[in-house]
Amino acid sequence: MLLVNTVRDQFDRVLEGLQKRNFVEAEGLLNQVIDLDDKRKTTQTQRDQLQAEANSISKEIGQLMREGKKEEAEKIKNKTAELKLEIKSLDEANASAEEELKALLYTIPNVPHISVPFGKSAEDNETVLEYGAIPTLFEGNLPHWELIKKYDIIDFDLGVKITGAGFPVYKGKGARLQRALINFFLDEALKAGFVEVQPPILVNEESGYATGQLPDKEGQMYHATADNLYLIPTAEVPITNLYRDVILTEEELPIKNVGYTPCFRREAGSWGAHVRGLNRLHQFDKVEIVQITHPEHSYQALEEMSTYVQGLLKKLELPYRVLRLCGGDMGFTSSLTYDMEVFSAAQGRWLEVSSVSNFETYQSNRLKLRFKDSEKKTQLAHSLNGSALALPRIVAALLENNQTPDGIMMPKVLHPYLGFEKI
RNA sequence: AGAGGAGUGGCAGAGUGGUCGAAUGCGGCGGUCUUGAAAACCGUUGUACCGCAAGGUACCGGGGGUUCGAAUCCCUCCUCCUCUGCCA
C-alpha cells in the first residue's frame with residue numbers, strides 16, 4: 001500500500017499517476033487519506049498526553065506506598081479513573097481511524113511509473129519490441145489441444161476424472177517436457193546469480209495480505225478453510241514473504257531468488273471459449289524470480305530481469321514481443337510492468353508467458369521489508385518479480401510452432417534435459 | 001494427537017507487581033594506549049508513532065483481562081523443546 005507520507009508530500013505526482021489507471025475517485029480518496037491520518041495523529045497525541053499524566057500519577061502512588069503513606073496514595077487513586085475512561089475512548093477512536101485508513105489504503109493501487117502510458121485496456125499497451133520470425137506452418141497444422149491428443153502427451157479428461165476441468169495430466173514425453181523446462185529455467189537462473197529456494201505452496205492469511213492478494217483477490221485463490229491457508233497463485237507470495245518484517249543491511253542487497261512451484265488459480269468467472277487447452281489452467285507450473293533491491297537500483301534491476309526473460313525465450317527459439325503495460329491494464333500493486341508474449345502459430349495469437357514488475361515500496365510497506373542505508377537509517381526496500389517462466393503457454397507455443405508432418409521438433413537447448421529431440 | 005517445560009534486546013541470560021526499555025556477559029560501533037595488531041580500559045549500541053525541538057507514548061511471542069501501576073498475576077492463541085503415540 002501507499003505510504004501516507006508519500007501521499008502528503010507528493011500529492012500531485014500521486015494523483016497524476018493514479019489518473020493513468022483511470023482511477024477517477026483518486027483525488028477524493030487521497031484527501032480522505034490525509035484527513036484520516038490527521039485525525040489519527042490528533043487522537044494519538046491527546047491519548048499520549050493523558051497516558052503520560054496517568055503514568056506520572058501511578059509513579060507518585062508507588063512513591064507514596066514505599067514511604068508508607070497509604071492514605072495519601074488512596075486519595076489520588078481516584079484521579080486516574082477518569083483518565084482511564086478518556087484514554088480508553090481515545091484508544092478506540094484511534095484504532096478505528098487506523099483501521100479505516102488501512103482499509104482505504106488497500107483500495108488505492110500503486111502509482112504508475114512516469115514511463116507508463118495512459119490507457120484503458122490491453123489495446124493501449126505499448127509494444128517495446130518484437131523479436132523472431134513468425135513461423136509459417138504447413139497445411140493441416142493443428143492447435144496444441146489437438147496435438148496433445150495426437151501424440152498422447154497431455155490428458156485433460158483424466159484430470160477431470162481425478163480433480164476437475166483445468167487440471168491436466170501430463171504423460172510420457174509431455175511429463176518429461178515439463179520436468180525439462182523446470183530444470184532448464186532453474187539452471188539458467190542460477191547462472192544469472194539467483195539463489196534457489198523451495199517455499200511452501202500453502203500460505204497463511206498474513207502472507208496473502210503482505211503481497212496484496214488479500215483482501216481484494218480473495219476469490220482467485222483456493223482456500224483450505226479447515227486450516228485457514230491459501231494455495232499460492234504464484235511463488236511471488238511465499239518468496240517475497242520470506243523477507244516480511246526483515247531489516248536487511250545495504251550490503252545484502254540486491255537479494256535475488258528463484259523458485260519453482262506449482263501455482264493454483266480459481267480463475268472464477270474468467271472461463272470462456274478462447275481459453276481452450278493450455279491457455280488457462282487451475283494448476284500450472286512456474287519458475288519465478290524475485291528481487292529485493294535498493295530503491296535507487298530497482299529500475300535497473302527491472303531492465304535486467306526483462307533482458308533475462310527475453311534470453312530464455314531466445315534460447316527456446318520462440319518469437320516474442322515485449323509490452324509496456326498501460327495504466328489501465330497494469331496490476332494493482334505494480335509501478336511498471338513488462339509483459340512478454342510468445343506467438344503461438346497455430347492459434348495465430350500472442351500468449352502472455354511472463355510478467356515482470358517493479359512494485360517499488362508498495363509491497364515492502366505492507367511487508368515491513370526494510371534495510372539500513374549508509375547513514376544507518378532504515379528505509380523501505382523495493383521489491384520486484386517476474387515469471388521465468390510460466391510453463392503451459394510455453395508448451396503450447398513450442399508444440400504449435402515446431403510441428404511438422406513427422407513430429408514436433410524440440411529446441412536444441414532442451415535436448416540434454418529431455419533425452420529426446422522430437423515428439 | 002496426549003503429558004510436561006519454555007518463549008525477554010543481534011546472541012546468551014537475569015529479572016515474579018512500582019525506582020525496568022529492562023542487570024550482566026558476548027558481539028557491533030567510536031575512542032585511549034600501540035610502529036601496527038591483540039589485550040586492557042572508557043564510551044556507545046533496539047523498533048515504531050507524535051513533535052521544529054525539548055520531550056512524550058507504545059513494544060519483554062500475538063491478542064484480551066485484573067490493577068492506581070504488569071516483563072512479572074489471570075484467560076486465550078501461536079511457536080519451540082522433551083517424553084509418549086502416529087507417519088512419508
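Which handedness, left or right, has the crossing of α7 and α10? The crossing is right-handed, as detailed in the first legend below. All views show a predicted model.

**View 1. Packing of helix α7 against helix α10.** Helix α7 spans residues 173-191 and helix α10 spans residues 298-315. Their axes lie 11 Å apart and form an angle of about 135°. The two helices are therefore oblique to one another, since angles over 145 degrees would count as roughly antiparallel and 65 to 115 as roughly perpendicular. The crossing of α7 and α10 is right-handed. On the α7 side the contact is made by F184, F185, E188 and A189; α10 contributes Y308, L312 and K315.

**View 2. T234, one of the positions annotated as "binding site".** An unreviewed UniProt entry places this feature at T234, R265, E288 and N385. T234 sits in the loop that runs between β7 (229-231) and α9 (236-241). With a relative accessible area of 6%, T234 is buried, because buried means under 20%. Apart from neighbours within four places in sequence, T234 is in contact with C263, R265, K286 and E288. R265 and E288 are thus both contacts of T234 and, according to the UniProt record, positions of the "binding site" feature.

**View 3. E288 and its surroundings in strand β10.** E288 belongs to strand β10, which covers residues 283-293. The relative accessible area of E288 is 2%, and the residue is buried. When residues up to four places away in sequence are not counted, E288 touches T234, A235 and E236. Further contacts of E288 are N257, V258 and G259, together with N385, G386, S387 and A388. T234 and N385, both among these contacts, carry the "binding site" annotation in the UniProt entry, as does E288.

**View 4. Polar contacts of the T337 side chain.** T337 is found in strand β12, residues 336-344. At 2% relative accessibility, T337 counts as buried. The T337 side chain makes a polar contact of 2.6 Å with the side chain of S334. Another polar contact, of 2.8 Å, joins the side chains of T337 and S357. Leaving aside neighbours within four places in sequence, the residues in contact with T337 are L323, R324, L325, M330, S355, V356 and S357. S357 therefore appears both in this contact list and as a polar partner of T337, a pair at 2.8 Å being within the 4.5 Å cut-off for contact.

Conventions. Residues numbered from 1 in each chain as written. Chains lettered and ligands numbered in written order. Predicted model: local features only at pLDDT ≥ 70, side-chain atom pairs only at ≥ 80, totals over all residues. Heavy atoms only, no water. UniProt positions renumbered as here; feature names shortened; annotations may be inferred. Helix = DSSP H or I, 4+ residues; strand = E, 2+ residues; numbered from the N terminus. Buried < 20%, exposed > 50% of the residue type's maximum accessible area, 1.4 Å probe, protein only. Polar contact = N/O pair within 3.5 Å; in protein donor to acceptor, adjacent residues only side chain to side chain. Axes fitted to C-alpha atoms, helices over the stretch in contact; angles between N-to-C directions. Parallel < 35°, antiparallel > 145°, perpendicular 65-115°, else oblique. Left-handed = near helix turned anticlockwise from the far one by under 90°.
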